[in-house]
Amino acid sequence: MLKRFLFAAIILLLNSHHLFAQKFEKLAQTPPMGFNTWNTFQTNINEQMLKNMVDAYISSGMKDAGYQYFVLDDGWMAMQRDSSGNLVPDPEKFPGGMKNFVDYVHTKGLKFGIYNCAGTLTCGGYPGTRGYEYQDARFYAAMGVDYLKYDWCNTEGLNAKEAYTTMSKAIKAAGRPMIFSLCEWGNHKPWEWAENVGHLWRTTGDIGAGFGSLVNKGTWSALGVTGILDQQEGLRKYAGPGHWNDLDMLEVGNGMTYNEDRAHFSLWCMLAAPLMAGNDLRKMSNQTKTILTNKDVIAIDQDALGIEGFKYYAFEGLEIWVKPLVNNGLAVCFFNRSDRPQKIAYDWKAHQIKDTLSNREIDFNKSVFRIFDLWIKKPSGTTNSILKADIAAHDVLLLRLNKQ
Ligand code: GLA
């Protein structure tokens, strides 16, 4: 009797789990990596230019470095749905049709992502998904979509949790595994409710290519690198394999200095952020390429533990960020956010590191770590010696520590 009861209870549990599971699991076990059209092109996209971008994705080494998704942001649609209510790819921008383009992306070994919005219209004024959730999800599945970025413009009267949950269920029902990227700008604290709804959620408003807190865009202000960084306070505990804090797409190669670009990239990796390149892949400078394809830095972001780093220390414009890694490793990022160069002399032994989230306590008097400098790509002694370095303004010293 007891056995039968237990059996029934287990079946019930399994079923209810199935019933409430809203997103595809096992996707995005590490932060998604890819390219997105928005930061450089906004809605000025077309099939030929995008195919060239796909080719450049491969030839530049981005795919080899681990980038996987090719995501079309806003502006891919015609202004109206068809008479059956289906979305229509803009026939002028995509003369060969969207399926043809998606197939092109897939034959190159990449995955394909697309954009829409929970509201009546997208931010760019194209048809939004409100009221068409299941139909649109089927359309994407038929097209071969692997990733959906879902925005939050024109959503008056909608409840964010409900709207994103509906789309999450619609994707699940359509049956094709897709990463579901919530782009709700952090307005309704998605970190508190979206773990089972999507795989990543934006934590802030839009990024711009600037280092400060705000970037002037004429009619509005975007957030700069430090502006976004400072809004991550307290969010760390919500991220983990399958569900990430999204710090917005990368601006590497879009106008900041080399130091600022690599600081931006390093910090996004320290925070286990999704890495979506937002520059023109067809014309990357060598410096930009060096940053975006640094495999050792990417490995910090993609570390299998999936634990976001934290700010360990901050004093007069110098911050130290720490990220626990597999095999008791650590990434340590000395970040000079001030406008002047800073000299550091850092005695590891005088600073213990304690992190309750990852249950780590490190006393460098008791354990010695080998140090590897991830930008210079060279070993840099051990934690037995005092670390001495000059860090340029808006730059980082990024180290990986492994136990000796
Ligand atoms: C919003 C999003 C951006 C981008 C644009 C497209 O601003 O936050 O990332 O998708 O819409 O219109």
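**The largest pocket and its ligand**

Helix H2 (38–41) and strand S4 (147–151) are a good place to start: each gives at least two residues to the lining of the largest pocket. The model is predicted. In total, 21 residues line this pocket. Nearest its centre are Trp38, Cys123, Asp151, Asp206 and Trp220. The pocket holds about 330 Å³ of space. By class, its lining has 9 nonpolar, 3 polar and 9 charged residues.

What takes up the space of the largest pocket? The ligand does. Around the ligand stand 13 residues. The closest of them are Asp73, Asp74, Lys149, Asp151 and Asp206. Asp151 and Asp206 are thus named twice: they are among the residues closest to the ligand, and they are among those nearest the pocket centre. Sorted by class, the shell around the ligand has 6 nonpolar, 1 polar and 6 charged residues.

Now look at single contacts. Start with aspartate 73: a polar atom of its side chain lies 2.7 Å from an oxygen atom of the ligand. Lysine 149 also reaches a ligand oxygen atom, with a polar side-chain atom at 2.8 Å. Then there is tryptophan 185. An N or O atom in its side chain is 3.0 Å from an oxygen atom of the ligand. How much of the ligand does the protein bury? On its own, the ligand exposes 310 Å², and the protein buries 93% of that area.

Terms used: Residues numbered from 1 in each chain as written. Predicted model: local features only at pLDDT ≥ 70, side-chain atom pairs only at ≥ 80, totals over all residues. Heavy atoms only, no water. Near = heavy atom within 4 Å. Polar contact = N/O pair within 3.5 Å; in protein donor to acceptor, adjacent residues only side chain to side chain. Areas by Shrake-Rupley, 256 points an atom, 1.4 Å probe, with all protein chains shown as cover. 1 Å grid on protein atoms, 1.4 Å probe; cavity = no way out; pocket = protein on both sides within 12 Å on 5 of 7 lines; lining within 4 Å. Sits in = over half its atoms within 2 Å of the grid points. Nonpolar A, V, L, I, M, F, W, Y, C, P; charged D, E, K, R; others polar. Points joined across faces, edges and corners; volume = space filled by probe spheres on them. Helix = DSSP H or I, 4+ residues; strand = E, 2+ residues; numbered from the N terminus.
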